[in-house]
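Subject: Structure handed over, with notes

Dear colleague,

I am passing on the structure below, and I would be glad if you could read it alongside the notes that come after it.

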Amino acid sequence: MALPLCFKTGVLKSPPTGFNLIMKSDDSGVAVPTKLQSIRKGDRERLRIQAVFSFPPVFLTKKGRDEKQKQLKQELLEAIEPLERGATVTPDDQRRIDQLARKVEAVNPTKEPLKSDLINGKWELIYTTSALRLQAKKPRFLRSIANYQSINMDTRKVQTMETWPFYNSVTGDLTPLSSRKAAVKLQVYKILGFIPRKAPDDTARGELEITYVDEELRITRGKGNLLFVLKMFDPTYRIPL
């Protein structure tokens, strides 16, 4: 059957008035009025926007945030593992660890750490840039096998402990400066774990800022931007008064 002239030319002529309606092909190849095409494009745009808000990107969902946090923590822990708490770190290693730590800090789930019970308990030090804590200048056999830091915010106490071979420790007071930063005043050293010695007033002060904490991991920044990464060892531990 022969097509009407209007479909051959692409122009639809209205017999009574001579009004011309321009016809164009849509994506399917079927001739569709231009005005209708515009409406369809508008509908597609609205559907696209609705889809974005109905199914947000994974990083905007709680599950997505949790997965991202878990991934960043794992990357940091894997990078730290071979470095002997930082004793064998190179300048490149140190920069990389700092970058990874900052990524973890950016997803901190605890916005006011000093007001959270998560910081309480005994934490094992797994990485630091503090030369004092690393004891890197000592022969390996004289370095502490493990180091711990404990915090009890209800009594505002902090304690740092070494294990074999010397079992030295120091206990001090915490004074909150903000919801994540506290001043530290060391009070009593214990040599070999039992010989008390009063901390000198002029060198026994510092600060700590908790930049990340959850049930498993804590990141703390000290004076001079010293970095401390710790993992939970005993959440029930109480510092002796």
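The notes that follow go from the chain as a whole to its strands, its cores, its aromatic residues and its backbone.

Please keep in mind throughout that this is a predicted model. The protein chain contains 5 helices and 12 strands, and of its 241 residues 34% count as buried. Its accessible surface comes to about 15600 Å², of which 58% belongs to carbon and sulfur atoms. Among contacts between residues at least 6 apart in sequence, 51% join residues that are at least 24 apart.

Strand pairing

Strand β6, residues 157-162, runs antiparallel to strand β7, residues 169-176, and 5 bridges join the two; within this pairing, Val158 has Gly172 of β7 as its bridge partner. On its way onward, β7 is also joined to strand β8, residues 181-191, by 8 bridges, again in the antiparallel sense, with Val170 standing opposite Tyr189 of β8. The hairpin that β7 and β8 form has 4 residues between the strands, while the hairpin of β6 and β7 has 6.

Strand β4 pairs antiparallel with β5 over 4 bridges, and with β12, likewise antiparallel, over 6 bridges. In the pairing with β5, the partner of Trp123 is Gln149, and in the pairing with β12, the partner of Leu125 is Leu230. β4 is mostly covered, since 8 of its 8 residues are buried.

Nonpolar cores

Which residues touch the most other members of the largest nonpolar core? They are Ile119, Ile151, Leu174 and Ile210, in a core of 19 residues. The elements that give two or more residues to this core are β4 (121-128), β7, β8, β10 (205-213) and β12. Apart from this core lies another, of 16 residues, among them Leu72, Ile97, Leu100 and Ile126. As general background, nonpolar side chains tend to be buried together in soluble globular proteins.

Leu174 has a list of contacts that is worth following in the viewer: leaving aside its neighbours within four places in sequence, Leu174 is in contact with Ile151, Met153, Arg156, Lys157, Val158, Ala182, Ala183, Val184 and Leu208. One of these, Ala183, has its place in strand β8 and counts as partly exposed, at 23% relative accessibility. With its neighbours within four places set aside in the same way, Ala183 is in contact with Asp173, Leu174, Thr175, Leu177, Gly206 and Glu207. Ala183 and Glu207 are 24 residues apart in sequence, and their C-alpha atoms are 4.4 Å apart in space.

Aromatic residues

How many aromatic pairs does the count come to? The count comes to 1 aromatic pair. The rings of Tyr148 and Phe233 have their centres 4.8 Å apart and their planes at 55°, and because planes from 30 to 60 degrees apart fall between stacked and edge-to-face, the pair is tilted. Tyr148 lies in strand β5 (residues 147-152) and Phe233 in strand β12 (residues 227-234), so the pair ties together parts that are 85 residues apart in sequence. Tyr148 is buried, with a relative accessible area of 11%, whereas Phe233, at 46%, is partly exposed.

Lys122 is connected with two rings: Lys122 lies over the face of Tyr148, at 4.7 Å from the ring centre, and the charged end of Lys122 also sits over the ring of Tyr237, 5.2 Å from its centre.

Backbone features

Where does the backbone call for a closer look? The peptide bond from Trp164 to Pro165 is cis, with omega near 15°, and Pro165 is found in the loop between β6 and β7. Tyr167 has its place in that loop too; its phi is near 55°, a positive value in a residue other than glycine, and Tyr167 counts as partly exposed, at 41% relative accessibility. Arg156, in the loop between β5 and β6, likewise has a positive phi near 55°, and with a relative accessible area of 44% Arg156 is partly exposed. Arg156 is also among the contacts of Leu174.

With best regards

Technical notes. Residues are numbered from 1 along each chain as its sequence is written. This is a predicted model: local features need pLDDT of at least 70, side-chain atom pairs count only at pLDDT 80 or more; totals for chains, interfaces and linings use all residues. Side-chain values use heavy atoms; hydrogens and water are left out. Two strands pair if DSSP finds at least two bridges between them. Rings of Phe, Tyr and Trp (its six-membered ring) pair if their centres lie within 6.5 Å; planes under 30 degrees apart count as stacked, over 60 as edge-to-face and the rest as tilted. Buried means under 20% relative accessible area, exposed over 50%, partly exposed in between (1.4 Å probe, protein chains only). A charge sits over a ring if NZ of Lys or CZ of Arg is within 6 Å of the ring centre and within 35 degrees of the ring normal. A nonpolar core is a set of buried Ala, Val, Leu, Ile, Met, Phe, Trp, Tyr and Cys residues joined through side-chain atoms within 4.5 Å. Contact means heavy atoms within 4.5 Å. Accessible areas come from the Shrake-Rupley method with a 1.4 Å probe; for residues, only the protein chains shown count as cover.
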